[in-house]
Each structure stands twice: as C-alpha cells, then as structure tokens.
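Good morning, and thank you for making time for this presentation. Please bring up the sequence and the model on your screens, and we shall go through the structure together.

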Amino acid sequence: MTFNPLAEKGIPLDRQIRNWRELDVEPIDPDAADPYTRCRIIVLNGIEVEAVLFGHMFGRTCTDPEIRRELAYVRYIEAQQQKAVNWLLPGIPSALETTIAYEQVAVDLTAWIARMEPDPYLKQAYEFGVLEDFDHLYRYANLFEMIERRKAEKVVDGLTEVMPGRPTKAEHRHPYDNVREPYDRNTAAPLSKLHALTVMAAEQQTMNFYMNVGPQYMEPIARQLYQEIGMIEQEHVTHYESLVDQGESMWEKLLNHEYNECYMYYSFMTQETDPKVKAVWELHLNMEIGHLQQAADWFRRHDGRDPAEVLAPELPQPVRFEPNKEYLRHLLATQMDLTTLGEGYVTEMHERFEQMQAQVHGGEEPASERVIDEHRERFGYEYRLETEGPHPVDWLRDPGGEEKK
Ligand SMILES: [Fe+2]
Ligand SMILES: [Fe+2]
Ligand SMILES: [Fe+2]
Ligand SMILES: [Fe+2]
C-alpha cells in the first residue's frame, strides 16, 4: 500500500487547536499494555518535542514577522500534540521504570533503523550507537532491582534482552570524536533523512529526560548513574544530529521535519494494537498533513524549489517495533570494541580517547561499574535477561550465570 502525504487533504490548520477535554487523553493500562505501545508513545513524544524546539529555533532566527506568527501558531499545535502523546503514559510507573522503557526504545528503534538504512556510513553510526544504549539498559536494570526490588523483565517483557553492551565506562569519548560526517542533502535517499531525524529526536528526548529526573533520586548511586548516562546521551545527540546535512535551509529542514512526523505517525498507526492509542496516531497524522502542506508551500516560495525534489514520492516502508535479538547479538560479537576517531571508527584506544578517559574518570570506577558491583554484593548475582543463551562475547559471560539457573 502506498501513501503520499503531499497528495492527502488532512485537517486544515485553522481547525487544529484542541480544547482541554480533547487533550485529556486516557493513559494506557500499565499492566495490560503492549510494551511496544509504550515505546511508540515515547518515540512520538520525542518527535513532538523536537517539533516544538525546532519551531522555537526557527522563530529565533526568522526576521519576517508574518512567518514568525505562523511558526508560533503551528508550534502551539505541536505543543498540544506533545501533551496528548506524552500524557498517554500512565502515572503509576516510577521514573526508573520509564527510563528502562526509554532504553528499550533506543535499542529496538535504533536496531530497526540500522537494519533498514541503505547508506553504509549512516548504518555504521546506528550500529555503533545501539550497543551503547543496550549497555545502559543493563546498568539501569541492575539499579531498578536494587532500589525498587523489581525486575526489568516486567518492563521489557522479554522482547529485548538485558546484558552488557559496549561498557558505559568506555563510552566517554572526546567531544571532537562525536562529530560525524553528514549525509549529502542532494544525493541522500529520502529514507536516510527520516532515519537521522527520528533517532536524533529520540536521543534528544532521552538526554532531556535524564537531566530532569536524575536529581530526583535520593540514593547516591542512582543520582550518579543518571549523571553518567546523561552525559552519554548528550554525546549521542551530537553523534546523530551531525549526520543531518547542516547545509539544508531552514525551509528544507522544516519540510523534512513535517514529512518525518507524517511518516512516524503513519508507521505507528499501521502497527498499533491499542485502538484508543491508534486513534490518536491517526488524528495526528491528519494534522501533520496540514503542517506539511504549509511547509511545502513555504519551501516553494522561499527556496524556489519543488518539495518533490527532496521528499520521497510516497512514504517509505513503515518503521516497526519488533525484537532485534539476533541482530544485536551479531553486533555484540563484531563491534563491541569500536570507538571513534574523528569522523570514523577504530578499534584501538587512541591517545585522545585515553586522555579523555583519564580526565573524566579521575582514577576511579564510574557509577556504571559500581552499580553492577553493588548489585552483586547485595543479591549475590547481577541482573541479566539472556533469553537466547549466554552472552556472545566470552569475557562478558555472566560469572554467576550457571548457579542462577
Ligand atoms: Fe507534530
Ligand atoms: Fe541510553
Ligand atoms: Fe542514547
Ligand atoms: Fe508537525
């Protein structure tokens, strides 16, 4: 089935403002909901947060008062969409439970995108990053059991494995080495542009979430772990945002943003199992079509180009949430010891990396290591969820893996 949002009617912009009753969405049931429904909510919230922030950046650099008013209008609608989406999350889970869901999103969304990405350099960027969020999931899962006495399998529901990835300790790179080479806006596949925007938005929201919830904890180990992983998420935002061609005009960027919003709502609408949530995705898709028309109009007027030159003629194959266990095990077995040097990837621990490590760790073990040690001390084992057998990397096999079973 093909779908071209540029050819659809959508909801006109002047009919998109909602009242409080319409914004007061019913949250999903935390016990009965599909974990991937929660993942879709988290991604689309990140997409809407990016829409709002991008709208602000655009407004701050735009000298035309008429455009600034129009930007303020559509940004208000994006902000309402963000409220409707994020308020689908139930109030019961702790910030840590939501954190585990955020890392599950980072793992299964980025792995899917890596699998589908046609450009090898971009694919490598996603494969590199996913092993780091995979490790965060494992560190937070140990913290979760330690401070809440609950198990991460209740959150990820066996869809995503929990075990070490590239150790968080080794993810603290020199900032120069987090800047990648961008795709070329004139030759990149439309799908590549959408992938980069989506992962960038998801990581940005993760960065913002950790910087806000981290200090709410009392336990020192929790505060320290959020600080440490929060710094990695900022590295990830740099890593992914640098993939997006900086030479795109703001009109082109806005067009790509709105097209991506259409793509993501369409994708998740086709996969959604919860009918009430699906209705929100469908409504928002129809709103985004209205935003896209305005962005396309501006692109023609101000950039003097036809949107068809930069957008796909129809939406690419939908993004899906599904288990990526075998793919992740393959990456663990082959890309664990990569780091970055300049815009590329290397396996040796180069000088700039070593210097950064020495500066940031100050000769001590970071919280990401201590959380595992403390968990082992208290419980006699470390928390893992290895549904497909032992860890594919020998030195990362669970030391207590046999006794546990
Ligand atoms: Fe939106
Ligand atoms: Fe992460
Ligand atoms: Fe991340
Ligand atoms: Fe939009």
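I begin with a pair of metal ions: the iron ion (ligand 4) and the iron ion (ligand 1) are 3.3 Å apart, and Glu-78 coordinates both. Please keep in mind throughout that this is a predicted model.

Which residues supply the protein donors of the iron ion (ligand 4)? They are Glu-78, Glu-258, Glu-261 and Glu-288, each through OE, together with His-291 through ND1. These donors lie 2.1 to 2.4 Å from the ion. Along the sequence, the donor residues of the iron ion (ligand 4) have the spacing E-x179-E-x2-E-x26-E-x2-H. Within this set, Glu-78 in helix H3 and Glu-261 in helix H9 are 183 residues apart, and the pair links distant parts of the chain. Glu-78 and Glu-261 are both buried.

That brings us to the two helices themselves. The axes of helix H3, residues 65-86, and helix H9, residues 250-271, come within 14 Å and cross at roughly 25°. An angle under 35 degrees counts as roughly parallel, and H3 and H9 are therefore roughly parallel to each other. Their crossing is left-handed. On the H3 side the contact is made by Ile-67, Glu-78, Gln-81 and Val-85, and on the H9 side by Trp-251, Glu-258, Glu-261 and Tyr-265. By class, this contact of H3 with H9 divides into 4 nonpolar, 1 polar and 3 charged residues. Glu-78, Glu-258 and Glu-261 in this contact are also among the donors of the iron ion (ligand 4).

I turn now to the other pair of ions. The iron ion (ligand 2) and the iron ion (ligand 3) are 3.4 Å apart, with Asp-133 coordinating both.

For the iron ion (ligand 2), the protein donors come from Glu-103, which contributes two OE atoms, from Asp-133 (OD), from His-136 (ND1) and from Glu-233 (OE). They lie 1.9 to 2.3 Å from the ion. The spacing of these donors along the chain is E-x29-D-x2-H-x96-E. Because Glu-103 lies in helix H4 and Asp-133 in helix H5, the pair ties together parts that are 30 residues apart in sequence. Glu-103 is buried, with a relative accessible area of 0%.

For the iron ion (ligand 3), Asp-133 appears with two OD atoms, alongside Glu-203 (OE), Glu-233 (OE) and His-236 (ND1), at 2.0 to 2.7 Å. Here the spacing reads D-x69-E-x29-E-x2-H. Asp-133 belongs to helix H5, residues 120-148, and His-236 to helix H8, residues 220-241; 103 residues separate the two, so that this pair, too, links distant parts of the chain. Are these two residues buried or exposed? Asp-133 is buried at a relative accessible area of 0%, and His-236 is buried at 1%.

Next, a helix pair with another geometry. Helix H2, residues 35-61, and helix H7, residues 190-213, pack at an angle of about 90°, with their axes 8 Å apart. H2 and H7 are therefore roughly perpendicular to each other. H2 contributes Val-43, Asn-45, Gly-46, Ile-47, Val-49, Glu-50 and Leu-53 to the contact, and H7 contributes Thr-198, Met-200, Ala-201, Gln-204, Gln-205 and Asn-208. By class, the contact of H2 with H7 has 6 nonpolar, 6 polar and 1 charged residues.

Two further places deserve attention. In helix H11, residues 325-335, the buried residues are Lys-325, Tyr-327, Leu-328, Arg-329, Leu-331, Leu-332 and Gln-335. What covers them includes helix H4, residues 95-116, and H5.

Finally, where is Thr-160 found? Thr-160 sits in the loop between helix H6, residues 153-156, and H7. It is buried, with a relative accessible area of 1%. Leaving aside residues up to four places away in sequence, Thr-160 touches Tyr-36, Gln-104, Val-107, Asp-108, Leu-137, Lys-325 and Leu-385. By contrast, the C-alpha atoms of Thr-160 and Arg-21 are separated by 36 Å, with their positions 139 residues apart along the chain.

To close, I return to the bridging residues: Glu-78 coordinates the iron ion (ligand 4) and the iron ion (ligand 1), while Asp-133 bridges the iron ion (ligand 3) and the iron ion (ligand 2). Thank you for your attention.

Notes. Residues numbered from 1 in each chain as written. Chains lettered and ligands numbered in written order. Predicted model: local features only at pLDDT ≥ 70, side-chain atom pairs only at ≥ 80, totals over all residues. Heavy atoms only, no water. Donors = N, O, S within 2.8 Å, 3.2 Å for Na, K, Ca; no water. Helix = DSSP H or I, 4+ residues; strand = E, 2+ residues; numbered from the N terminus. Buried < 20%, exposed > 50% of the residue type's maximum accessible area, 1.4 Å probe, protein only. Axes fitted to C-alpha atoms, helices over the stretch in contact; angles between N-to-C directions. Parallel < 35°, antiparallel > 145°, perpendicular 65-115°, else oblique. Contact = heavy atoms within 4.5 Å. Nonpolar A, V, L, I, M, F, W, Y, C, P; charged D, E, K, R; others polar. Left-handed = near helix turned anticlockwise from the far one by under 90°.
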